[in-house]
Amino acid sequence: MSSTLNSTALVILLRQRPSPSPKAAIIGIAPGPVASPLTQATAVSASMFSVDSLNITAVKVRLMERAGKEFGVDQTDYESVSSYGAAVKNAVEALKPQSPSAIAEIERQLGLDQLGVSLDTLVGAIGDPRGSANESLDDALKQHAGRQGEGDAASVQPDELGLYGG
């Protein structure tokens, strides 16, 4: 349900094309003269839905942006997320027969191998924010965030005297 809500919110925000938020700097997005629709949606989404926690949507959008950059596809050149997704998909499909090892290297550079997600899944999530690929990507990001959080929780457990820290 949550991934569907996030995807729906992303689509709605992309249609509205809000101006860049000052809160964008908080989540690591440097506002530029022309902010992309995905960046704008991330900034708005983060400011509205995040409360000092990992924002899966922000991470996913940054991952999508990085994937496009790997293939020389700039999302500001496209009017919609679906057209941007189609361009990235075409670039991936063109590279597959030429260099399958390059695909694996890009998956490694993007960290998809650590998530257990393929480049095809990421590309599918870009092209169809309501599809099963997007749900798979959301699930992988949530699981990955959960594994990171477990290590953090273990470090703040009280010692045998009941004291926290070190």
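Is serine 136 buried, partly exposed or exposed, and what is its relative accessible area? In this predicted model, serine 136 has a relative accessible area of 39% and is partly exposed, because partly exposed residues lie between the limit for buried, under 20%, and the limit for exposed, over 50%. The residue belongs to helix 8, which spans residues 132–155. Its C-alpha atom lies 9.8 Å from that of glycine 116, a residue 20 positions away in sequence.

The protein as a whole contains eight helices and zero strands. Read along the sequence, its pattern is accordingly written α-α-α-α-α-α-α-α. Of the 166 residues in the protein, 40% are buried. The accessible surface amounts to about 9,500 Å², and carbon and sulfur atoms account for 54% of that area. Among contacts with a separation of 6 or more, 56% join residues that are 24 or more positions apart.

The largest nonpolar core comprises 28 residues. Within this core, the residues with the most contacts are Phe71, Leu110, Leu119, Leu122 and Leu137. Two or more residues are given to the core by each of helix 3, helix 4, helix 5 (100–110), helix 6 (112–115), helix 7 and helix 8. Helix 4 gives the most, with seven residues. Leucine 122, one of the residues with the most contacts inside the core, also illustrates how separate parts of the chain are brought together. When neighbours within four places in sequence are set aside, leucine 122 is in contact with Leu63, Met64, Ala67, Leu110, Leu112, Val117 and Leu137.

Three of these partners, Leu63, Met64 and Ala67, recur in the packing of helix 3 with helix 7. The axes of helix 3 (residues 56–70) and helix 7 (residues 119–127) come within 10 Å and cross at roughly 110°. The two helices are therefore roughly perpendicular to each other, since angles of 65 to 115 degrees are counted in that class. The contact joins Leu63, Met64 and Ala67 of helix 3 to Leu122, Ala125 and Ile126 of helix 7. By class, this contact has six nonpolar residues, with no polar and no charged ones.

A second helix pair is formed by helix 4 and helix 5, whose axes come within 5 Å and cross at roughly 125°. This angle makes helix 4 oblique to helix 5, because it falls outside the ranges for roughly parallel, roughly antiparallel and roughly perpendicular. On the side of helix 4, the residues that meet helix 5 are Val92, Leu95, Lys96, Pro97 and Gln98. Their counterparts in helix 5 are Pro100, Ala102, Ile103 and Ile106. The residues of this contact divide into seven nonpolar, one polar and one charged.

Individual positions on these helices were also examined. Alanine 86 is located in helix 4, which covers residues 81–98. With a relative accessible area of 36%, alanine 86 is partly exposed. The C-alpha atoms of alanine 86 and valine 123 are separated by 8.3 Å, although the two residues are 37 positions apart along the chain.

Glutamine 109 is placed in helix 5 and, at 38% relative accessibility, counts as partly exposed. Apart from residues up to four places away in sequence, glutamine 109 touches Arg66 and Glu70. Arginine 66 is 43 residues from glutamine 109 along the chain, and their C-alpha atoms are separated by 9.6 Å.

Helix 8 holds alanine 145 as well as serine 136. At 19% relative accessibility, alanine 145 counts as buried, because the limit for that class is under 20%. Alanine 145 and leucine 115 are 30 residues apart in sequence, with a C-alpha to C-alpha distance of 9.8 Å.

Notes. Residues numbered from 1 in each chain as written. Predicted model: local features only at pLDDT ≥ 70, side-chain atom pairs only at ≥ 80, totals over all residues. Heavy atoms only, no water. Helix = DSSP H or I, 4+ residues; strand = E, 2+ residues; numbered from the N terminus. Buried < 20%, exposed > 50% of the residue type's maximum accessible area, 1.4 Å probe, protein only. Axes fitted to C-alpha atoms, helices over the stretch in contact; angles between N-to-C directions. Parallel < 35°, antiparallel > 145°, perpendicular 65-115°, else oblique. Contact = heavy atoms within 4.5 Å. Nonpolar A, V, L, I, M, F, W, Y, C, P; charged D, E, K, R; others polar. Core = buried A, V, L, I, M, F, W, Y, C linked by side-chain atoms within 4.5 Å. Areas by Shrake-Rupley, 256 points an atom, 1.4 Å probe, with all protein chains shown as cover.
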